[in-house]
Structure formats: structure tokens, C-alpha cells
Amino acid sequence: MRPEDLHVNPLYENQLDMKDFSNIFDHNAQGYKFYWFESIIDILPQKSEMTFKEIMCKMIWKAWFSVTEYHLHLGPTREGQQANLIEDLILKIEKLPGVKQPMTEEQLNRVIDDNFDLLRDDFNKLSTNVPYRLLSPFIKNRDGEFSWNRTSRLIEYFKKINESTPLPYIILDDTAVNKKVVVNPYWEQVIMDNYPIIKSWIQMEKVRFLQGRNPGVPGIVYKAGDHEQRMRRLEKVRTLWETYSVVTFQPIIDIYSDDRIEKDRLSIDHFVPWSYISNDELWNLTPMDKAENSSKSNRLPNWDRFFPRLSDLQFKLYSAIYSHDEVYHAFDKCRSDNLNAIWASEQLYKKGNSKETFYNILEHNLHPIYDSAKIQGFAEWDGVKVVS
């Protein structure tokens, strides 16, 4: 973000240091600043004075699905322990009584309140640095008494700076997480006037941070924000399987149960969960009974048991594509939404593949994705229970 990108009212533009504001995310090794400031601006429309605890609860909510559903890491592990305080807190909260996925923000806050005595030390650790460090670009001259470890002195120091150079916020002293952030009214106006730009800036920087922490994980951009409704493009694939069944007079078989799927119970499953792969590619999709789909959730089917079945069923569909015009036309309609990988369109679904060739191409390309999801923390599923 550049300071000149923001709309600033001429009445106060000379009082605000926009250049320093554009540097607030510098030195952000653990990503706390993204979640802290984004939480502030999301609370701001309701109130300009907020407690550390309110902000940190919002931070946890913003990272909740990234960690619990998508298994993203916000920081490294050290001796088996999460080094990132937000990620560590989320993993602790996830194990508390009353946590059932999917959670709403209200439910999450209730769990935190009910168990705050167990979480208090973690909240206190999280509040130690980020509220103050975010303001570091505005500090020009550090005298000999300046210290990041003396929070009461820092609070007074920021108040003094604020008298000549308005800071985005000051801090009101209190006990631990009861301290308060008070947003400067001039900065509040800038933030509200430029909310879409500032929000997009935070999201872009957060995506870059998470991609660096999770190299090789696809679809980070879809997993970094709040848990919004995902757009699934599965209807054309469902139509393709229905057309295949009607034209070939073959039942649609659930590869996980070997049972026939009736039309009113047909759903489309991501073999490697959408929560990891973040696309709706045909080669990763298979028909599944609705009830079984709910049981599988976002787990990985046991590879040795279920991949051969996936490949066999996919090859039957592939064979029908090139032997029945109606199936081919239904397949052709899937190209824009469900066939974007070059290897799939130019190799897997190329006319003339034998069953062995089809199997080998699919395994060669899907197995590394499967293994990567497993490394990322997605549990295995054998059709009956979770495999540790």
C-alpha cells in the first residue's frame, strides 16, 4: 500500500503520518500485526474504544478456520510445540468442552469466556508485544529510557508522541487484557473512508505471510480470510455422472462403500479434501452417498484402499466420454470449471489411454497432493473411523 492510495480529508491530512502508517507491518515474523490491526478495524464501526481481550478474541476468530479446518501453520514448531501464540491458543481452545465444528464467532467467544482461567496466561503472553510494536514506525527518537519490556512506560511514551503526531491509537492502562485501545478520531475517519483499500492491503500481506509459512499448500488466498461461504462448482460434474449412468445403464457406485447411489442421495466428494486442494477438478471428484460424505468430512481416504477404486470408476467415466456423445457433451460443459490442470486435459483425459496408462497418470499427479495434505495434518479415514 502507498500513502497516496488513501483518500485523506484535507482538514487533517497534514496532521497524520501516512508514510509511517504504510510501514506498520514491517518486522512481522509471526504475523500477529496482521490479525491485531485487522481485528481493530473490524470492531471500529461499532466502537472506537476496545479492550485487548476483545481484540484478541477477534484475532482468534479470524485465524480459527485457517488453523482448524485448513490446517495452515502461522509459525514454526519448536520441539513439537507451536511457536506461534495464536495458533497455539487455537489448538488449545479446539480441545475444550463445548467446541463443535463448525463454530460461530459467538460460540467461540462463549467457550473462551467459560474457560478463560485456563487461557489467561496465553492471552497475557499474546498481549505483551503486538499492541505496542504495531506503533513502532511512529517512534522517531528513542531516548535512553525507552524499552519495549516496560509497558506502563510505553503507554505514557505513546501518549506523549500522540500530542504532536496523532497515532492510530493510544493505550489506556489497566490490568493485563483489560487494557484498552482508543482509536484516534482522525485515523478512525481515514480508516472508515478507505476501509476496502486497507482491508485488501491487510489480506494481501497476510496471504504472502501464510504462503511463506505453508510452502506448497494450494489455495492460500481462499484460506486466509474469514470463513465465508465458498463457491462450489459441482453441479456440472453431478450432471455428468447422472448422464453417464443413464446412457450406459450403469449404476453410480460409491467407492467408499461399494453401494449403489440413488439419484436423490447423490453428492460429489473431493477425494483430497477441498479444505486442502481448494479446487473442484474433475480428477479429484467422485460420486458419494450424502450420508457417507458427511461422515468423511475433510479427511483423507486411505490411499491403498480407496485410490484403486477411484481410478477404476474414473476410467469407466473416461471410457464413456469417448464412446457416447451425450456423455462427451456433458464432459465438455465441465471444462471451464472442473478441468483446468494442463496435465489432466492434455494427458489424463486425452483420447486413447489404456486403463493402466490412465491409472499411472492419475496416481503420478494425485499422490503427491495427497501426501502433502497428510503432512499438513489432514487425518486419514478408512470408511469407518479416523486412522491416527
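1. Is Glu 49 buried, partly exposed or exposed? Glu 49 is partly exposed, because its relative accessible area is 36% and partly exposed covers the range between under 20% and over 50%. Bear in mind that this is a predicted model.

2. Glu 49 has a partner. Its side chain forms a salt bridge with Lys 180, with the closest N and O atoms 3.4 Å apart. The pair joins distant parts of the chain. Glu 49 sits in strand β1 (residues 49-51) and Lys 180 in strand β5 (residues 180-183), 131 residues apart. Lys 180 is partly exposed too, at 30% relative accessibility.

3. A second pair is Asp 269 with Lys 296. Their side chains meet in a salt bridge at 3.2 Å, N to O. This pair also links distant parts of the chain: Asp 269 belongs to strand β6 (residues 266-270), Lys 296 to helix α14 (residues 290-296), and 27 residues separate them. Asp 269 counts as buried at 3% relative accessibility. Lys 296 counts as buried at 0%.

4. Next, Lys 374 and Glu 380. They form a salt bridge whose closest N and O atoms are 2.4 Å apart. Lys 374 is partly exposed, with 41% relative accessibility. Glu 380 is buried, with 11%.

5. How many salt bridges does the structure hold? The count is 26. Some charged residues are linked in a network of salt bridges: Glu 38, Asp 42, Lys 62, Lys 199 and Lys 206.

6. Lys 199 and Lys 206 lead to helix α10. Both are among its buried residues. The others are Ile 198, Trp 201, Ile 202, Glu 205, Val 207, Phe 209 and Leu 210. The cover over the buried residues of α10 includes α1 (18-21), α2 (32-43), α3 (52-68), α9 (185-193) and α11 (220-223).

7. The length of α10 can be checked. The helix runs over residues 195-213, which is 19 residues. At 1.5 Å a residue, the expected span is 27 Å. Its end C-alpha atoms are 27 Å apart, so the two values agree.

8. Last, a helix pair. The axes of α15 (residues 303-321) and α16 (residues 325-332) come within 7 Å and cross at roughly 110°. The two helices are therefore roughly perpendicular. On α15, the contact is made by Leu 317, Ala 320 and Ile 321. On α16, Val 327, Tyr 328 and Phe 331 take part. What kinds of residue make up this contact? Six are nonpolar, with no polar and no charged residues.

Note on methods. Residues are numbered from 1 along each chain as its sequence is written. This is a predicted model: local features need pLDDT of at least 70, side-chain atom pairs count only at pLDDT 80 or more; totals for chains, interfaces and linings use all residues. Side-chain values use heavy atoms; hydrogens and water are left out. Axes are lines fitted to C-alpha atoms, for helices over the stretch in contact, and angles run from 0 to 180 degrees between N-to-C directions. Helices (H or I, at least four residues) and strands (E, at least two) are DSSP runs, numbered from the N terminus. Angles under 35 degrees count as roughly parallel, over 145 as roughly antiparallel, 65 to 115 as roughly perpendicular and the rest as oblique. Contact means heavy atoms within 4.5 Å. Ala, Val, Leu, Ile, Met, Phe, Trp, Tyr, Cys and Pro count as nonpolar, Asp, Glu, Lys and Arg as charged, and the others, Gly among them, as polar. The expected span of a helix is 1.5 Å times one less than its number of residues. Buried means under 20% relative accessible area, exposed over 50%, partly exposed in between (1.4 Å probe, protein chains only). A salt bridge is a side-chain nitrogen of Lys or Arg within 4 Å of a carboxyl oxygen of Asp or Glu.
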